Number of protein chains: 2
Amino acid sequence: MTVLAKLESSRRSAPQSAFDRLHGLVADDLREVNRIILERMNSPVALIPQLAGHIIASGGKRLRPMLTLGAAKLCAYHGRRHVDLAACVEFIHTATLLHDDVVDDSDLRRGSATANSLWGNQPSVLVGDFLFSRSFQLMVADGSLKVLDILASAAARIAEGEVLQLVTSNDTETSESAYLEVVTSKTAALFAAACRIGAVVAERPSAEEDALETYGLNLGIAFQLVDDVLDYSAGQNKLGKTVGDDFREGKITLPVVLSYRRGNEEERRFWRRTLEEGIRRDGDLAHAMRLMGNHGALVDTVERARHYGAVARDALGLFPDGVYKTLLREIVDFCIERLH
Amino acid sequence: MTVLAKLESSRRSAPQSAFDRLHGLVADDLREVNRIILERMNSPVALIPQLAGHIIASGGKRLRPMLTLGAAKLCAYHGRRHVDLAACVEFIHTATLLHDDVVDDSDLRRGSATANSLWGNQPSVLVGDFLFSRSFQLMVADGSLKVLDILASAAARIAEGEVLQLVTSNDTETSESAYLEVVTSKTAALFAAACRIGAVVAERPSAEEDALETYGLNLGIAFQLVDDVLDYSAGQNKLGKTVGDDFREGKITLPVVLSYRRGNEEERRFWRRTLEEGIRRDGDLAHAMRLMGNHGALVDTVERARHYGAVARDALGLFPDGVYKTLLREIVDFCIERLH
């Protein structure tokens with residue numbers, strides 16, 4: 001705990017979040033990840049680095065590659081492979097974001113114009129394919145069939161989850177378990193893979209690989225559920241997410257599933273009109289948020305997230321105590337409490 | 001030549017094309033490729049096999065996997081890996097077709113409704129991603145990093161070529177060499193990879209890998225150039241391509257490049273109006289075909305294709321004579337002469 005104590009004493013004003021502390025600990029590796037990303041997204045076709053650079057710059061806080069780096073460090077890994085593989089994870093994530101924005105016809109992502117709104121759907125689809133292929137080239141250069149298997153399977157599962165979401169989208173009768181299946185595939189599978197490969201590069205026993213996979217999977221589910229809540233929570237928030245996107249896209253998320261099931265017939269008509277039939281008027285979003293409040297749908301979605309968070313934290317139990325174990329556990333709380 | 005002689009004597013009516021004869025020789029393997037494709041495109045998300053099944057059924061004559069099978073046999077390979085890898089090649093090709101049709105906003109492919117016209121762009125993008133991931137899972141199961149490298153690089157190059165085509169599309173000033181760069185990336189790179197892995201599974205020396213790559217690359221260029229000509233040639237043809245698609249999509253292909261450069265100012269205005277500005281009227285396609293005829297643009301595009309075809313045939317020179325060498329050479333002529 002001495003490293004943590006030092007970190008704590010070096011802070012200037014507000015206490016640093018677990019995210020910031022982990023970010024600080026892996027800062028050198030993360031800079032290297034960014035360098036590899038910039039280097040590998042290059043192409044003589046200028047539009048590719050332009051568009052890829054835009055999405056990578058606006059793609060968030062590099063949580064997934066940080067998990068790969070943190071997981072490798074938790075496993076006392078001292079090589080360099082985790083850096084390349086963290087870049088692979090971010091490439092897959094970025095390719096997915098590009099295709100997601102096309103599929104959702106989104107104009108904004110975290111407050112910035114999406115690539116498809118700036119350049120059109122066509123290059124977004126193709127540059128997504130390019131980044132996806134590049135990520136596999138990077139994995140091939142790393143040379144581990146085990147890692148390739150983990151990330152190729154995660155990629156297939158993400159696509160499966162996205163199709164499942166499309167099929168069930170606008171269906172207000174979606175069950176909680178069906179929705180969890182979507183979340184597990186489209187979001188949690190990559191978190192799980194990102195963490196698992198940390199143990200793989202460190203050549204740890206399969207029990208530790210499994211533990212890190214369980215950690216990542218449950219953290220990913222908790223992360224997505226909180227994301228769903230943020231979409232109906234007033235105001236901007238720490239990770240820059242805006243309010244009402246899911247509602248405007250007619251997405252069925254857990255707060256909707258709970259509100260629909262707990263609502264009366266009039267309320268269900270409201271959900272069907274706004275999300276199934278896509279007929280939305282001024283004030284509908286505010287009304288949706290009121291209904292969620294009345295039924296405790298947001299509070300209970302956070303409770304569900306806390307459950308998965310607890311499973312994630314416990315999954316790390318078998319690792320020896322240390323700063324990375326502490327921070328990876330605290331990251332779980334950070335992901336859930338970023339609401340406030 | 002006895003096998004060929006036997007094949008020849010067993011034909012019933014019209015002489016079989018080289019394509020049919022190669023198809024007959026690898027029929028058992030090709031059935032196995034189809035079985036693997038059906039098995040591996042499966043998913044609990046029903047829309048995935050539905051949509052994938054549609055595109056795979058309408059995706060053509062399996063020329064690319066046949067090349068992998070034929071190349072492996074040319075290298076006297078006796079194992080089973082070529083079958084799995086031929087399925088990988090077809091999966092990559094299929095994923096590319098799905099995304100192409102979204103990018104081109106196509107309604108028809110080889111006379112059948114495209115997946116995007118039947119199910120919308122969204123699942124086409126996502127099922128493309130799924131098939132792409134599946135192909136990497138299959139490669140991982142095969143276990144060769146060398147094959148993974150070849151196919152991941154080909155996939156990246158295809159995406160690069162598609163973006164390049166997008167950037168240069170509607171630009172009537174596109175040069176012949178810029179267009180060849182597009183063709184080499186978007187079409188020929190996968191032909192080259194499909195052939196090269198035939199030598200890789202047979203563990204042949206790198207000179208034979210290179211020879212098969214050169215064969216595939218040049219065959220792929222010839223194939224695409226003839227495809228471009230078919231798009232402006234009256235009537236349906238052997239491989240089911242329809243006429244005028246490229247013109248309606250404003251695509252700049254070699255017949256256009258040649259006609260534009262050989263045309264007078266009035267003709268160039270016509271090409272700019274129809275392909276750059278996208279203002280097309282009744283009779284424009286017929287006029288475009290007339291201009292191409294006047295300038296010998298179609299005949300000369302076929303001449304260019306014959307040049308690449310000759311390079312492809314010569315690339316096989318170092319292999320010992322035999323039925324596969326003969327057929328792979330004759331396939332080149334078949335691809336060029338499918339015009340008639």
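Biologist: Hi! Which salt bridge do the side chains of B:D29 and B:R80 make, and what is the N to O distance?

Modeller: In this predicted model, B:D29 and B:R80 pair up through their side chains in a salt bridge, with N to O at 3.3 Å. The two residues come from distant parts of the chain, 51 residues apart. B:D29 sits in helix α3 of chain B, residues 27–40, while B:R80 is in the loop between α5 (63–74) and α6 (81–104).

Biologist: And is B:D29 buried or exposed?

Modeller: B:D29 is buried, at a relative accessible area of 9%. Its partner B:R80 counts as partly exposed, with 48% relative accessibility.

Biologist: Okay, next pair. What does B:D104 bind to?

Modeller: B:D104 forms a salt bridge with B:K251, and their closest N and O atoms are 3.0 Å apart. This pair also links distant parts of the chain, with the two positions 147 residues apart in sequence. B:D104 belongs to helix α6 of chain B, and B:K251 to the loop between α12 (245–248) and α13 (254–262).

Biologist: Which category does each of those two fall into, buried or partly exposed?

Modeller: B:D104 is partly exposed, with a relative accessible area of 23%. B:K251 is buried, because its 13% falls under the 20% cut-off.

Biologist: Where does B:R272 find its acid partner?

Modeller: That partner is B:E265, and the closest N and O atoms of this salt bridge are 2.7 Å apart. B:R272 is partly exposed at 23% relative accessible area, and B:E265 is partly exposed too, at 42%.

Biologist: How many salt bridges are there over all chains?

Modeller: The structure holds 48 of them over all chains.

Biologist: Which residues are linked in a salt-bridge network in chain A?

Modeller: A:K146, A:R196, A:E209, A:D210 and A:E213 are joined in one.

Biologist: While we're on charges, how many positive and negative side chains does chain A have?

Modeller: Chain A carries 40 positive and 47 negative side chains. The centres of the two sets lie 4 Å apart.

Biologist: Let's switch to the fold. How many helices and strands are in chain A?

Modeller: Chain A has 17 helices and two strands. Its radius of gyration is 20 Å, close to the 20 Å from the globule rule for 340 residues, so chain A is as compact as a globular protein of that length.

Biologist: What size of box do the C-alpha atoms fill?

Modeller: Roughly 60 × 50 × 40 Å for chain A, taken along the principal axes.

Biologist: And what share of its residues count as buried?

Modeller: Of the 340 residues in chain A, 60% are in the buried class. The chain exposes about 13000 Å², and carbon and sulfur atoms supply 49% of that area.

Biologist: What about contacts in chain A, how many join residues at least 24 apart?

Modeller: Taking contacts between residues at least 6 apart in sequence, 74% join residues at least 24 apart.

Biologist: Backbone now. Which value does phi of A:R62 take?

Modeller: Phi of A:R62 is near 60°, a positive value in a residue other than glycine. A:R62 is in the loop between α4 (47–57) and α5 (63–74) of chain A, and counts as buried at 13% relative accessibility.

Biologist: What's the phi of B:E203?

Modeller: B:E203 has a positive phi of about 55°, although not a glycine. This residue lies in the loop between α10 (176–201) and α11 (206–230) of chain B. B:E203 is exposed, with a relative accessible area of 68%.

Biologist: Nice. And where is B:C195?

Modeller: B:C195 is in helix α10 of chain B, and at 0% relative accessibility it counts as buried.

Biologist: Which residues does B:C195 touch?

Modeller: Leaving out residues up to four places away in sequence, B:C195 touches B:L67, B:A71, B:L212, B:Y215 and B:G216. B:G322, 127 residues along the chain from B:C195, has its C-alpha atom 17 Å from that of B:C195.

Biologist: One more for the road: how far apart in space are A:G24 and A:R273?

Modeller: They are 47 Å apart, C-alpha to C-alpha, with a sequence separation of 249 residues. A:G24 lies in helix α2 (residues 18–25) of chain A and counts as partly exposed, at 44% relative accessibility.

Definitions and conventions
Residues are numbered from 1 along each chain as its sequence is written. Chains are lettered from A and ligands numbered from 1 in the order in which they are written. This is a predicted model: local features need pLDDT of at least 70, side-chain atom pairs count only at pLDDT 80 or more; totals for chains, interfaces and linings use all residues. Side-chain values use heavy atoms; hydrogens and water are left out. Helices (H or I, at least four residues) and strands (E, at least two) are DSSP runs, numbered from the N terminus. The radius of gyration is taken over C-alpha atoms; the globule rule is 2.2 Å times the number of residues to the power 0.38. Buried means under 20% relative accessible area, exposed over 50%, partly exposed in between (1.4 Å probe, protein chains only). Contact means heavy atoms within 4.5 Å. Accessible areas come from the Shrake-Rupley method with a 1.4 Å probe; for residues, only the protein chains shown count as cover. Lys and Arg count as positive and Asp and Glu as negative; His and the chain ends are not counted. The place of a charge is taken as NZ of Lys, CZ of Arg, CG of Asp or CD of Glu. A salt bridge is a side-chain nitrogen of Lys or Arg within 4 Å of a carboxyl oxygen of Asp or Glu.
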